[in-house]
Amino acid sequence: MSRDRGPRRLRRLDRSVLIAASLTALSLTASGCVVVHGEREVLPSATKSEAAKALQQFTTAYNAADKAYDSSLDADFITGAFGDIDEARLKAGRANNPDGNPAHTPLKLSDAKYTIPKKAGWPRWFVADTAANKGSTARWVFVFTRNSLAEPWEAAYLTLLAPDKVPRFKTDKDGWAEAVPTNSTELAIAPGDLSEDYAGYLKDGGTAFADGTHTSAWRAERQKESKKPGLATQYLDDPLTSGDYLPLALRTTDGGALVFFTTHHYEKQTAAPGTTIPTTAAVQALTSGEIKQSLTMEFVSNEVALDPPKGSGKVSVIGRIQGLTSAKGD
């Protein structure tokens, strides 16, 4: 079982073009040509109009893919954990409904609020906090990323939060937010360590994470499932931190950060002799091999956590979206 995975897919653009575009941006002034090095200059990741366009392009592509159950239709606008989850959902849907999604209802996003960090280096990224016509009153919180000027913006993270759970972000006098480095020592847990620490917590418990739906309650649910008569369940949790799974953090007004991160999970179910493993059509569509006595399911999960200033409390995991990406029967 792999401990980590690289980016979701290879870019189709020529590598030399990408490197040239990402390293240097040119702007002309009255005195001549000024070179701005994007990897060193602290700049806003996007303008508000660019962010709005990225959200609109994503929504159009997402709706087309959902209607047709065809992941190729939004592949250029989605990546990372959210991309893995969406791709598997569409694959399962198409396997069971080759003519498309009979229950398709277009996603409509409104009241978009953009939080754009001012930062150096790639990836550039921003957060879009929106209302939607699905998910009741929950806010749909997206993170859009790109790794060069030549790439389109892609949605890498999605979480649904109650309106009062979306924190207030620290901004400067011009309204730009502050990105927190992955190796920051100012927080309870460095953003770059959250994925590994969370995976360790799910296995062994501990005191680093506050009790809640996605921490203590999830561990309790797993322990209950592992002891179900006639069906033994084992779990394995891994961090995902590189490439398009890079954790991203925004400074909040209390000095902490809101951190988006990814984890990778396996769940193996083994049936006692004379019993069967219950499955669904969606699970079967993503399963290779024949389910005889066991089923190993692979999941990708994107989480969002409130990471307080060091010494001021525990990390609270306030949102999690998890999806089955593949399975194997034995």
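**Note on a predicted model: ring contacts, a four-stranded sheet and strand β11**

1. In this predicted model, the charged end of R222 is placed over the ring of W218, at 4.5 Å from the ring centre. The ring of W218 also has the charged end of R320 over it, in this case 3.6 Å from its centre.

2. Turning to the sheet, the strands β4, β6, β7 and β8 form an open arrangement in the order β4-β6-β7-β8, and their pairing is antiparallel. Because β4 (109-115) and β8 (154-161) stand at the edges and have a single partner strand each, one side of each is left without a neighbour in the sheet. From one strand to the next the twist averages 25 degrees.

3. Within that sheet, strand β6 (residues 124-132) and strand β7 (residues 139-146) run antiparallel and are joined by seven bridges. One point of register that can be checked directly is W125, whose bridge partner in β7 is T145. As background, strands of a sheet pair through backbone hydrogen bonds, either parallel or antiparallel.

4. Which strands does helix α2 lie across? Helix α2 (residues 48-68) lies across β4, β6, β7 and β8, and its direction runs at about 140 degrees to β4. Helix α3 (residues 80-96) also packs on the sheet, where it touches β7 and β8, and its direction makes about 85 degrees with that of β8.

5. The two helices can also be described relative to each other, since the axes of α2 and α3 come within 9 Å and cross at roughly 30 degrees. Angles under 35 degrees count as roughly parallel, and α2 and α3 are therefore roughly parallel to each other. Their contact is made by F58, Y62, A65, D66 and A68 on the α2 side, which meet F82, D86, R89, L90 and R94 in α3.

6. The structure holds 14 aromatic pairs. In one of them, the rings of F58 and F144 have centres 5.9 Å apart and planes at 80 degrees, so this pair is edge-to-face. The pair links distant parts of the chain, with F58 in helix α2 and F144 in strand β7, 86 residues apart. Are these two residues buried or exposed? F58 is buried, with a relative accessible area of 1%, and F144 likewise counts as buried, at 0% relative accessibility.

7. Another aromatic pair, that of W140 and F142, is tilted, with 6.4 Å from centre to centre and 40 degrees between the planes; both W140 and F142 are buried. Ring pairs link these residues into a cluster made up of F58, Y62, F82, Y114, F126, W140, F142, F144 and W153.

8. Strand β11 (residues 257-271) is mostly covered, as 13 of its 15 residues are buried. Strand β9 (residues 231-240) runs antiparallel to β11 and is joined to it by 10 bridges, with Q234 standing opposite K268 in β11. Strand β13 (residues 294-307) is also antiparallel to β11, through 14 bridges, and here L258 stands opposite L306 in β13.

9. A further antiparallel partner of β11 is strand β10 (residues 248-251), which is joined to β11 by four bridges and in which L248 stands opposite F260 of β11. The hairpin of β10 and β11 has five residues between the strands, and in this hairpin G255 takes a positive phi near 95 degrees.

Definitions and conventions
Residues are numbered from 1 along each chain as its sequence is written. This is a predicted model: local features need pLDDT of at least 70, side-chain atom pairs count only at pLDDT 80 or more; totals for chains, interfaces and linings use all residues. Side-chain values use heavy atoms; hydrogens and water are left out. Two strands pair if DSSP finds at least two bridges between them. Axes are lines fitted to C-alpha atoms, for helices over the stretch in contact, and angles run from 0 to 180 degrees between N-to-C directions. Contact means heavy atoms within 4.5 Å. Rings of Phe, Tyr and Trp (its six-membered ring) pair if their centres lie within 6.5 Å; planes under 30 degrees apart count as stacked, over 60 as edge-to-face and the rest as tilted. Buried means under 20% relative accessible area, exposed over 50%, partly exposed in between (1.4 Å probe, protein chains only). A charge sits over a ring if NZ of Lys or CZ of Arg is within 6 Å of the ring centre and within 35 degrees of the ring normal. Angles under 35 degrees count as roughly parallel, over 145 as roughly antiparallel, 65 to 115 as roughly perpendicular and the rest as oblique.
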